[in-house]
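Trainee: I've got a new structure to look at and I'd like to talk it through. Can you take me through it step by step?

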Amino acid sequence: NQVLLAPILAYSRALGAVVKPECRAGRDRRSGYVDLLVDHGGSRVAVEAERSPDRVVKDVAKATAVGADLLLVVVPNARVERAARKRLAAAVGGARRPRIFVLPLGRAVQHLEKCFPLNPASNMAGNKRPGKKSPA
C-alpha cells in the first residue's frame with residue numbers, strides 16, 4: 001500500500017498540509033485506522049489505499065468517524081476501481097458524506113492537485129500563463 005500512498009503523501013506535504021499516517025478512526029482499535037489523514041485549508045481528506053474492493057465500505061465508516069469531508073480511495077487499476085464503485089453504490093447509496101472518490105493512483109494525485117493547487121494564485125483570473133515572461 002505504501003506504493004499507492006507515497007505520491008499522495010509527498011504532494012500533501014508539499015502543500016504544507018498536516019498529514020497523519022495511520023490515524024486511528026475511533027476510540028478503540030476495532031474502529032480501525034485511516035491510511036492517511038490530510039488537513040489543509042479547512043478541509044479534511046481521508047486517504048485509503050486498497051488493492052481490492054473488499055474493504056471500501058469500511059473505509060467510508062472510518063472516514064465518517066474522523067470527520068472527513070472527502071474520502072479518496074486509491075486503487076491500483078481500473079478493474080479494481082469499477083468493482084469498488086459498484087460495491088460502494090450498493091452499500092452506501094445516495095447518502096454521501098463524506099464525498100467519495102475511487103481513483104487509480106495517477107488520477108488520485110491529479111484530483112488532489114485540482115482540489116488543492118500548490119500555487120493558488122496561478123488559478124486566479126488575470127495571471128499570466130505559465131512560461132509567459134513578464135515585461136522587465
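Mentor: Sure, and let's start with a term: two strands pair if DSSP finds at least two bridges between them. Helices (H or I, at least four residues) and strands (E, at least two) are themselves DSSP runs, numbered from the N terminus. Keep in mind that this is a predicted model, where local features need pLDDT of at least 70, side-chain atom pairs count only at pLDDT 80 or more, and totals for chains, interfaces and linings use all residues. Residues are numbered from 1 along each chain as its sequence is written, and side-chain values use heavy atoms, with hydrogens and water left out.

Trainee: In what order do the 5 strands sit in the sheet?

Mentor: The sheet is open and its pairing is mixed. β1 (18–24) and β5 stand at the edges with a single partner strand each, so one side of each has no neighbour in the sheet. Neighbouring strands are turned by 25° against each other on average, direction ignored. The order is β1-β2-β3-β4-β5.

Trainee: Which residue of β2 is the bridge partner of K20?

Mentor: Strands of a sheet pair through backbone hydrogen bonds, either parallel or antiparallel. Here β1 and β2 (residues 33–40) run antiparallel, joined by 6 bridges. The partner of K20 in β2 is L37.

Trainee: At about what angle does α2 run to β4?

Mentor: Axes are lines fitted to C-alpha atoms, for helices over the stretch in contact, and angles run from 0 to 180 degrees between N-to-C directions. Contact means heavy atoms within 4.5 Å. Helix α2 (residues 56–65) lies across β2, β3, β4 and β5, and its angle to β4 is about 150°.

Trainee: Which elements do the buried residues of α4 pack against?

Mentor: Buried means under 20% relative accessible area, exposed over 50%, and partly exposed in between (1.4 Å probe, protein chains only). In α4, the buried ones are A108, V109, H111 and L112. They lie on the same side of α4 because they cover an arc of only 155° around the axis, the arc being that of the directions from the helix axis to the C-beta atoms. They pack against α1 (2–15), β4 (70–75) and β5 (99–104).

Trainee: Which residues does H111 touch, leaving out those up to four places away in sequence?

Mentor: H111 is in helix α4 (residues 105–115). It counts as buried because its relative accessibility is 15%. Its partners are L70, F101 and L103.

Trainee: Is R79 buried or exposed?

Mentor: R79 belongs to helix α3 (residues 78–92). Its C-alpha atom is 9.2 Å from that of S52, though the two are 27 residues apart along the chain. With a relative accessible area of 55%, R79 is exposed.

Trainee: How many contacts beyond four places in sequence does the model have for residues 122–136?

Mentor: pLDDT is the predictor's confidence in each residue, from 0 to 100. The chain has a mean of 83, with 84% of its residues at 70 or more. Over residues 122–136, however, pLDDT stays under 50. The number of such contacts for that stretch is 3.
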